[in-house]
Amino acid sequence: MDKQTYWEIIIHPSDFLDQFTDFIIQKTSCAIEFFDILPTPSHFAIIYDDASWQSVLGFDILKAKKSKQPTQIVSRIASNEINIQDFLESLQHFALMLAQNTQDSVGFCYHIEEKFNYDWIKAYQDSIEPVQCGRFYIRPSWEQEVKESYDEIIINPAFAFGSGHHASTAMCLEFLSEMNIQGKTLLDVGCGSGILSIASCKLGAQVYACDTDENAIKECNKNILLNGVMLNALWQGSIADSPMDSPQKYDVIVANIVAFIVKVLHNDFRTKLAKNGVLILSGILDEYKFDIIKAFNDFDMLDTCCKDGWVALKLTL
């Protein structure tokens, strides 16, 4: 009996990571993951032989390993939901248009493979380990060890982003761990797996969360039930799509999303953040740090954190 298959597509752009990410999300409507090429890759990295990578517009895997752009975009799409050749052609066309608009050299390399769904789930389950971030201990449901001195969060592997292993998520959890948010209103923008919403609930906040991805909302709902917490509201869409009875202002806003979207949402953050409230931004590559700081120069900087080439900012009005 045939099992459902999916395409695992790994794309390494020469530059413009945010723009490639946004295009892929818009084109596929699927959640994505990020993996970095590091001198010593983590056991979560997906590694394939150099010869299996395809070069587009003169950018190959050897150039990728030497470039300033360490990050690969991983997308997994059900085989029956996409014409893979059309997708690759549209991605190449996008790169050409981006090069024309920026007057810069733009290319990418990619690895693509069709896999059975159970392959990646089993591999992830076999490899995933619990992780400690700030005052939180994050484990999958099949891991029985507990840490009584930590607030426990149970997250199972899924397409939705956020398990605590990626630096951008870990830095958000560390910032939240240092804050007293008991009874405060908090908005989690781009909630993904719901890990930051769950952590905030465990810290006593009144939590509202949103994500534009339907699959992320489904996974967030699953993880909320798994952890026995309750959100005040969860909706598919962005900040502007919030329910009528949601707060006009939030004491805390956290957004672990790509830098390009962070800039787009600047005015929404400013409108929705309460006076003296805290805005946590993450998912920002180090090379975009000063660009984001400049874009948010109407906020006051409280703290910055850097880890594995990623940056998180803690701001206030």
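## Exercises on helices, rings and burial

Gly204, which comes just after helix 6, has a positive phi of about 95°. Helices here are DSSP runs of H or I with at least four residues, strands are runs of E with at least two, and both are numbered from the N terminus.

A word before you start: this is a predicted model, in which local features need pLDDT of at least 70 and side-chain atom pairs count only at pLDDT 80 or more, while totals for chains, interfaces and linings use all residues. Residues are numbered from 1 along each chain as its sequence is written, and side-chain values use heavy atoms, with hydrogens and water left out.

**Exercise 1. Work out how enclosed helix 6 is.**

- Step 1. Find helix 6 at residues 195-202.
- Step 2. Apply the cut-offs: buried is under 20% relative accessible area, exposed is over 50%, and partly exposed lies in between (1.4 Å probe, protein chains only).
- Step 3. List the buried residues of helix 6: Ile195, Leu196, Ser197, Ile198, Ala199, Ser200 and Cys201.
- Step 4. Conclude: seven of the eight residues are buried, so helix 6 is largely enclosed by the rest of the structure.

**Exercise 2. Describe the surroundings of Asn223.**

- Step 1. Place Asn223 in helix 7, residues 214-227.
- Step 2. Check its exposure: Asn223 counts as buried because its relative accessibility is 4%.
- Step 3. Look for contacts (heavy atoms within 4.5 Å). Leaving aside residues up to four places away in sequence, Asn223 touches Ile154, Ile155, Asn156, Ser193 and Ile198.
- Step 4. Link back to Exercise 1: Ile198 is one of the buried residues of helix 6.

**Exercise 3. Classify the ring pair of Phe269 and Phe296, then follow Phe296 to Phe299.**

- Step 1. Recall the rule: rings of Phe, Tyr and Trp (its six-membered ring) pair if their centres lie within 6.5 Å; planes under 30 degrees apart are stacked, over 60 edge-to-face, and the rest tilted. The rule gives eight aromatic pairs here.
- Step 2. Apply it: the centres of Phe269 and Phe296 are 6.3 Å apart and the planes stand at 35°, so this pair is tilted.
- Step 3. Locate the partners: Phe269 is in helix 9 (residues 266-272), and Phe296 is in the loop between helix 10 (289-295) and strand 14 (300-307). With the two positions 27 residues apart, the pair links distant parts of the chain.
- Step 4. Move on to Phe299: its pair with Phe296 is tilted too, at 5.5 Å centre to centre and 55° between the planes.
- Step 5. Check burial: Phe269 and Phe296 are both buried, Phe296 with a relative accessible area of 2%, and Phe299 counts as buried at 5%.
- Step 6. Look elsewhere for rings: Phe20, Phe23, Phe94, Phe108 and Tyr110 make up one aromatic cluster.

**Exercise 4. Compare the overall size of the protein with that of a compact globule.**

- Step 1. Take the radius of gyration over C-alpha atoms, with the globule rule of 2.2 Å times the number of residues to the power 0.38.
- Step 2. Compare: for 317 residues a compact globule would come near 20 Å, and the protein's 19 Å agrees.
- Step 3. Add the box: along the principal axes, the C-alpha atoms fill roughly 55 × 50 × 40 Å.
- Step 4. Add the make-up: the protein has ten helices and 15 strands, and 54% of its 317 residues are buried.
- Step 5. Finish with the contacts: of those between residues at least 6 apart in sequence, 72% join residues at least 24 apart.
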